[in-house]
Amino acid sequence: MLRRWYCHRFVSTARLYTSSLCAQRKCFSTSTHCRFHATAVDEAEVAPLRKQLKDAARASRHQQVSDTNGKDQLRRERLKDWELTVGIEIHAQLNTSSKLFSRASADWTDVPNAALWPFDMAVPGSQPLFQPPVLIPALRAAIALDCDIRPRSKFDRKHYFYHDQPAGYQITQYYEPFAVNGRVTLTQQDGLAPEEGTLHIGIKQVQLEQDTARTQQHDEETSLIDFNRSGHALVEIISLPQLHSPQAAAAYVRKVQSILYAVDAATTGMELGGLRADVNVSVRRFDGATGNHSYSGVTGLGQRTEIKNLSSFKSVEDAVCAERDRQIDILEAGGKIEGETRGWSLSNPGATRRLRGKEGEVDYRYMPDPDILPLHIDNDLVAHFRSTLPPVPDQLLDMLRLSYGLTADDAGALLNLDNGTRLLYYQDVVSRLTPSSNNNKTAFGVHVGNWILHELGALLTTTETEWHPDLIHAQQMSDLISLQLKGQLTGPSAKKLLRILFAGEKEPVSVIAERENLLFQSMNDQEYVELANRVIQDHPKEVEIVQKNSKQAQGKLKFLLGQMMRHGDRNRMEAQRAEKTLRSILMP
Amino acid sequence: MNPAATARRLKSPGEIRRYSTIYHDRLRSARGTRAVLSGLENLVLTGSPYPSGRNIANDEVIVLKDNFLTTDLPTTCASHILEGFRGSATSMVGRLLQDAGIHIVAKTNMDEFGMGSYSTNSARGPVKHGFDSLEQSVGGSSGGSALVVAGGLARFAIGSDTGGSVRLPAAYTGILGFKPSYGRISRNGLIPYANSLDTVGIMSTSVKDAISIYRILNKHDPADPTSLDLNSRARIEHAKLSRSRVPDHAASDQVSVRVIGLRDKKESARLSLEAGMRWKAYGRQYFTKRSWRIGVPDEYNIQEMHPWIRIAWLKTLSVLQDMGNDIVHISLPTTQSALSAYYVLAPAEASSNLAKYDGVRYGIPRDAELADNHEGVLYAHHRGQHFGDEVKRRILLGTFSLSAGAMDNYFIQAQKVRRLVQQDFNNVFTVPHPLLEASTGNPEGVDFIVVPTAPTLPPLLSELKHQSPLDSYVNDIFTVPASLAGLPAISVPVVADDDLPPTSDKNIGMQIIGQFGEDMPLLNFVRDTVEAIDPPRPRETDSRIWTARRF
């Protein structure tokens with residue numbers, strides 16, 4: 001495997017040959033050498049996922065503990081004086097098998113440097129060739145984010161030296177992006193605190209750009225470079241600084257991801273590394289003089305800092321929190337915030353740390369790319385995508401509430417669970433239950449929601465099982481619910497049957513129910529009378545009270561009924577009939 | 001000229017005197033030719049054996065400047081940093097030539113990455129005449145290609161022209177150097193210096209040769225995003241028709257000419273109709289116009305111009321006038337600023353293009369001793385070590401003019417100047433710019449502009465050592481305007497004085513510039529003029545101005 005990677009070393013050992021660059025599956029010799037420029041970003045990138053998760057879990061336990069102590073109480077108090085402002089840049093991998101400017105396939109492969117075109121490695125003399133297929137997910141994303149699509153946009157070069165950037169620049173859309181003026185709506189359903197109400201977060205622009213190569217640290221001196229990812233198509237989504245709490249920041253990123261998923265613009269989210277966020281954080285006093293900084297028309301802001309490369313929703317929230325507290329600490333102590341780039345890592349979620357200051361800031365020297373023609377997007381194309389766009393989460397939410405009769409909470413839960421697969425499962429089960437002649441899904445919607453979210457949800461939680469649509473086949477689930485609704489299964493039997501299905505039983509529900517003797521077979525009148533008489537015999541005192549028809553009669557009747565239900569076969573009994581029998585004996 | 005003919009020629013006593021005699025013994029075979037080529041180290045960087053089994057005696061040979069990718073020969077742009085680099089595919093230019101049966105036999109020396117005007121900024125040392133005892137500069141940056149043609153080693157050569165890199169060496173070595181309109185010939189596989197200015201240039205001794213090579217190369221290439229597509233090419237054809245107005249009475253006549261290649265069927269039909277009417281009205285005469293309006297811009301008559309060059313310019317114009325052409329005074333007011341704009345834009349693009357040379361993926365390996373460490377700056381040692389001085393100078397220039405603080409004052413300003421330069425040309429040409437909607441063409445305008453290629457005669461290499469970089473930049477003053485506007489331009493050798501013996505220190509090039517897309521009319525004009533003035537007959541006939549001069 002090593003032979004297929006490009007190596008970056010401090011110390012020179014050998015060199016690699018490029019004569020076979022365009023050949024599709026040529027091996028590249030190993031070791032070229034170059035300085036490994038270590039930053040926090042890279043550490044986070046190369047740390048194994050398992051370790052990341054462990055660290056995150058530990059950190060969150062730690063935070064819960066520390067949240068309860070008095071210092072944090074004070075901290076919360078003083079937040080009343082300060083306004084936090086956050087703007088977010090999200091980089092998302094587009095769901096396309098084309099690279100942005102090369103004919104190489106962008107499909108995932110685990111063989112490093114397997115399918116490269118010369119341009120992917122910036123071979124001299126190679127030129128960028130725009131790949132129109134990338135526009136499909138890009139336009140879907142921009143339309144779903146409510147952007148205006150510009151009929152003409154351009155590509156620029158953003159220069160910086162780094163070993164994952166073979167050309168020495170990234171091609172992006174800095175001066176004239178393809179989409180502008182978008183909007184994302186956040187509500188409590190998206191994780192906002194109730195007092196924040198409904199927020200409309202402006203999207204300044206959405207731009208197409210290239211992804212970098214993938215690097216992996218091989219040893220202390222060497223990092224390996226896989227150019228397969230180099231040149232993949234990304235969209236960068238830049239928000240206006242209109243977020244004012246860490247929760248809202250995280251909710252915004254989550255919402256954008258769910259929108260991208262919903263319209264199929266992206267398929268790999270934060271947990272798979274396909275979505276990264278940079279957050280810009282500033283604070284200002286509510287009552288003090290307004291700041292003198294501004295961003296894209298939003299004025300009066302405090303000096304901002306940027307925290308780069310956050311790769312989970314939680315990290316967005318934690319990093320914003322930590323940076324807010326740091327800035328307030330400095331300002332309250334009479335200090336000044338420096339405009340700088342900062343890092344945040346899972347291992348120390350309570351703090352951000354300085355990566356580089358203004359003097360060390362990279363001057364990207366944006367230059368229009370002289371090789372790439374302007375991108376013209378036809379109005380008809382935009383109209384086509386607009387009319388064929390799948391529903392975005394907010395539309396789905398409305399649908400679930402209005403057509404399926406779900407509560408907002410349940411609908412929101414269905415949307416957010418398991419990347420939408422739970423929702424698909426839910427719709428599958430409902431449609432199996434609903435007769436084709438009947439369009440009214442409310443008849444079953446609530447009921448199915450109850451089973452899939454609450455009954456099944458409880459089972460998943462108690463057994464610590466991960467959701468999968470194949471756990472219980474949708475047909476089994478709909479049969480189970482159907483039997484219960486027809487009165488052939490009592491509630492307890494149905495739950496028992498669910499546990500059997502959950503354990504992996506694949507036979508038809510009716511067969512299992514019969515075998516396990518769960519089907520409801522009503523007791524006959526004779527049996528009810530016998531049972532009632534036995535209870536009457538055992539509890540003469542209560543019988544007397546009932547027969548006297550005193551004040552306590554009603555209560556004692558319930559007691560006797562309870563005794564009947566307890567002694568009888570619950571699966572075969574109906575409370576109403578038991579009560580009727582009891583009354584007919586005691587109060588003829 | 002095929003290799004055998006080259007060999008024969010080189011064996012004639014006069015030729016042997018010009019070349020160093022040690023090579024001639026090897027010239028019995030094609031392999032021998034290669035030996036000659038590779039032996040002339042200062043003009044040829046690498047040579048190639050012919051593919052076996054080919055009847056090379058009947059085939060033409062050509063040399064490429066060392067910034068065109070070839071698979072069998074290394075491509076280094078005469079830079080240390082690309083030492084040993086081989087392309088994975090031959091450049092489009094190379095492929096088209098090979099498909100036409102022309103053998104690429106050598107890669108020629110040049111200024112590193114095309115940055116220079118004298119072919120002295122090469123990792124392999126400066127290009128020298130070698131066969132003249134004189135130490136005259138051959139011009140740059142395509143100096144190696146120019147000298148191969150001038151020396152008769154190959155009938156044609158390919159160079160690249162960013163701000164005059166084909167025209168200037170052609171002028172200094174006494175051959176033809178043609179820079180086509182931007183986008184005519186594919187740049188795919190040409191290692192860029194400044195993408196928005198780079199063009200593929202053709203060098204030869206005769207116009208007919210230049211035309212035949214141009215016809216081979218003038219093709220749309222989908223792999224080059226800046227290659228003129230079929231639609232644009234059709235618009236160019238249409239723009240030419242504006243040379244004369246269509247009389248109304250011709251409107252009802254039937255169509256017999258079709259304009260093809262336009263995507264829009266309606267547009268195509270309309271243009272065809274118009275073309276047909278013109279054809280009807282003017283017939284062949286219209287399409288083979290013999291009398292032209294020649295523009296002479298005042299701004300080019302600068303004080304620094306060498307007197308001989310001024311004499312040659314005047315003489316050229318008077319001969320053209322004698323042939324029945326109109327000489328028209330024109331003004332190109334932005335000419336003065338064009339040079340400054342060029343030296344902002346070209347280095348800016350170069351600083352970006354050359355950022356890829358980090359020693360990680362190709363080229364010369366990074367030096368262990370000087371490899372960057374945690375404290376150093378990424379790649380700085382490697383780039384510092386292996387780029388030449390002029391390349392470093394231009395990278396720094398470009399980096400500065402693109403930096404946040406300087407962008408508006410330099411790069412943006414220069415782009416504005418570039419627009420003005422284009423406007424200048426559009427204001428004086430009869431034919432409108434075919435790709436600009438706003439351009440209408442000037443009915444009182446000119447067909448071609450005739451100016452010197454350079455204000456100076458070829459300087460001595462020894463003089464150049466004392467020149468500042470600025471002095472050498474100034475020498476590009478006449479060639480950069482056409483580059484900034486993307487116009488076709490050709491440098492044609494002329495003589496200042498018929499009585500003087502033609503030696504390399506008196507080579508003068510006259511530059512003819514046409515409207516965008518007017519490549520063939522420009523070449524045809526030069527061909528017809530040269531044929532008229534300089535038919536193949538003894539030289540003593542007077543009024544001979546351009547001569548496709550041979551050594």
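**The contact between domains 2 and 3 of chain A**

In this predicted model, Lys255(A) forms a salt bridge (a Lys or Arg side-chain nitrogen within 4 Å of an Asp or Glu carboxyl oxygen) with Asp394(A), and the closest N and O atoms are 3.0 Å apart. Between domain 2 and domain 3 of chain A the count is one salt bridge. Helix H5 of chain A, residues 246-262, supplies five residues, the largest share of the side of domain 2 that touches domain 3; helices here are DSSP runs of H or I with at least four residues, numbered from the N terminus.

To place this contact in its setting, chain A is divided into domain 1 (2-68), domain 2 (81-376), domain 3 (391-515) and domain 4 (525-586), with bounds from an automatic or database domain assignment. The centres of domains 2 and 3 of chain A, taken over C-alpha atoms, lie 38 Å apart. About 680 Å² is buried between these two domains, 53% of it from carbon and sulfur atoms; buried area is the accessible area (1.4 Å probe) lost when two parts are put together, summed over both. On the side of domain 2 of chain A, Gln189(A), Lys255(A) and Ala262(A) lose the most area to domain 3, together 58% of what that side buries.

A word on conventions: residues are numbered from 1 along each chain as its sequence is written, and chains are lettered from A in the order in which they are written. Local features need pLDDT of at least 70, side-chain atom pairs count only at pLDDT 80 or more, totals for chains, interfaces and linings use all residues, and side-chain values use heavy atoms, without hydrogens and water.

Notes
Helices (H or I, at least four residues) and strands (E, at least two) are DSSP runs, numbered from the N terminus.
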